[in-house]
Amino acid sequence: MANLTISNRSAADTPGDALVVALVPADGGATPAPGHGLPRKTVSHLKSVITDLELAGKVGEVTTLAAVPDVAAKLVVLVGVGALSGETGALEDLRKGVGGAIRSLSKKKKVAVVVPGTSVEIVSAVAEGVALGAYAVSKAGTTSTDAVDAVALVGPADAASRKAVKRAAALGEAVAYTRDLVNLPPNLLYPETFVDSLADRVKGTKVKLRSYDMKALRAGGFGGTVGVGQGSANDPRIAVLSYTPSRPKASIAFVGKGITFDSGGLCIKPANGMLTMKCDMAGAAAVAGAVLAIAELGLPIAVTGYLGLAENMPSATAQRPSDVVTMRGGKTVEVLNTDAEGRMVLGDCIALASESKPDAIVDIATLTGAQVVALANTGAVMGNDDAFRTRVLEAAATVGEAMWPMPLPQELRPALESINADLAHKGGVEGGMLTAGIFLSEFVGEGIPWSHLDIAGPAFNDKAPTGYWPKGGTGFGVRTLVGLAESYV
């Protein structure tokens, strides 16, 4: 994670490998965003280049220039950010534009970014774009990356701006950790090593960790988690992260699906279907990142994260279609397809979370292919309480993570009936995303507002990097969970 600072020194006099300057659309072309403070000779040169290259200031447009006059930095990077405003969409464009520019500067040591405005919202968006874009995947078994080492924002340095930069740095650190977990190969990240990583990460923080091993899972009645993990040589775990400040204003439970590799079990996936299945723990990783960020920011909100960790593998000990298991809380479930395993660990964890009677529960998971088909890289939000679902959606919109509300139609509930158990664990092909949500709702404690976030699409980018998204794990969901906690402050 790059060291992130802000100062009001002159942009032209700020030394470094590169200076990033925002471009906005203007008169059929583009122009440097106001407030840059660059010398007249520099601006004249930049405007000439903008005209010659026919730059338009569109989001994602990145142009690198050398030997720009009267600028101390070795390079000037012009980045399109679209039309500037305080609207949520415009702020997200700003994040994406700046993030893309920073990502393009990998292997550079020191970069400066001109903040195109003085409002806290603009400063925050730029800082977040930097924090999210300054990430590069490390090779397996190493910790070194090609990401930018240090970024200095050039803009207002008042207390509110410094606070916004500090928040962005905490978010960036949390998202980077989430991405790192998602990107780890499954022979290195499995339930036990996931818990080991958490134990190392919480050292020196106000977050406490408790974990359930296989013996404790069996004793605790976590039949869904045991069933999913019993086919693997790597036993399942449930990890519980808790942050409890004094006199909290609210208590929220986050539940994350953590299937460290999903082969499909006995209902095995085709080879191509397994290529990205190391990312099936992205929900649990997002929960871990969010809890750590909330603690780092010192929010007066009690947060507990429940991470259901298992590896879904075929073997002589794997669970079978038609098996009936007893979940935490006593409900019995008939397993129909072992490749619909995530809802089983989530059900156990939601039941466990409900026992503490939090003010609200949010689960987050790469749960269904149906979500990808329906919404692609937009997350789906379902729930049992319209007001709370709206609160989650508003948090997502504020932080710039694309989410869309989806229903839980009760006419689909009969698809989960079973003659051998209290319910079947999946319905038919119709409304697969929705029946998965209906299944999870069965484990929510009475009277507790709950939302389910299906992030199967946006959790992992298997295409070219874009904006502040790298290739691989995106860290999607962390900022929404943090933003939701902030909405109670």
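Strand β10 (residues 250-262) and strand β14 (residues 360-365) run in parallel and pair over five bridges. One contact shows how they line up: I252 has A360 in β14 as its bridge partner. This is a predicted model.

**The eight-stranded sheet**

The two strands belong to an open sheet of eight strands. Their order is β8-β9-β11-β10-β14-β18-β15-β16. The pairing is mixed. At the edges sit β8 (207-212) and β16 (403-405), each of which pairs on one side only. From one strand to the next, the twist averages 20°.

A helix lies on this sheet. Helix α5 (residues 191-201) lies across β8, β9 (237-243), β10 and β11 (301-312). The helix runs at about 155° to β11.

**The three-stranded sheet**

A further open sheet has three strands, in the order β12-β13-β17. Here too the pairing is mixed. Its edge strands are β12 (324-326) and β17 (423-424), and each pairs on one side only. Strand β13 (residues 332-334) pairs with β17 in the parallel sense, over two bridges. Within this pair, V333 stands opposite L423 in β17.

The table sets out the two parallel strand pairs described above.

| Strand pair | Sense | Bridges |
|---|---|---|
| β10 (residues 250-262) and β14 (residues 360-365) | parallel | five bridges |
| β13 (residues 332-334) and β17 | parallel | two bridges |

**Two helices that pack**

How do α8 and α13 lie relative to each other: parallel, perpendicular or oblique? Start with the angle. Helix α8 (residues 282-297) and helix α13 (residues 478-486) pack at about 40°, and their axes are 8 Å apart. An angle under 35 degrees would count as roughly parallel, and 65 to 115 as roughly perpendicular. The angle of about 40° fits neither range, so α8 and α13 are oblique to each other. Their crossing is right-handed.

Which residues make the contact? On the α8 side they are A286, V287, G289, A290, A293, I294 and L297. On the α13 side they are V478, L481, V482, A485 and E486. Ten of these contact residues are nonpolar, one is polar and one is charged.

**Salt bridges**

How many salt bridges does the whole structure hold? A search finds 19. One salt bridge joins the side chains of R95 and E92, at 2.8 Å from N to O. Why are R95 and E92 separated by about one helical turn? Both are in helix α2 (residues 88-104), and they are three residues apart there.

Terms used. Residues are numbered from 1 along each chain as its sequence is written. This is a predicted model: local features need pLDDT of at least 70, side-chain atom pairs count only at pLDDT 80 or more; totals for chains, interfaces and linings use all residues. Side-chain values use heavy atoms; hydrogens and water are left out. Two strands pair if DSSP finds at least two bridges between them. Helices (H or I, at least four residues) and strands (E, at least two) are DSSP runs, numbered from the N terminus. Axes are lines fitted to C-alpha atoms, for helices over the stretch in contact, and angles run from 0 to 180 degrees between N-to-C directions. Contact means heavy atoms within 4.5 Å. Angles under 35 degrees count as roughly parallel, over 145 as roughly antiparallel, 65 to 115 as roughly perpendicular and the rest as oblique. A crossing is left-handed if the near helix is turned anticlockwise from the far one by less than a right angle, and right-handed if clockwise. Ala, Val, Leu, Ile, Met, Phe, Trp, Tyr, Cys and Pro count as nonpolar, Asp, Glu, Lys and Arg as charged, and the others, Gly among them, as polar. A salt bridge is a side-chain nitrogen of Lys or Arg within 4 Å of a carboxyl oxygen of Asp or Glu.
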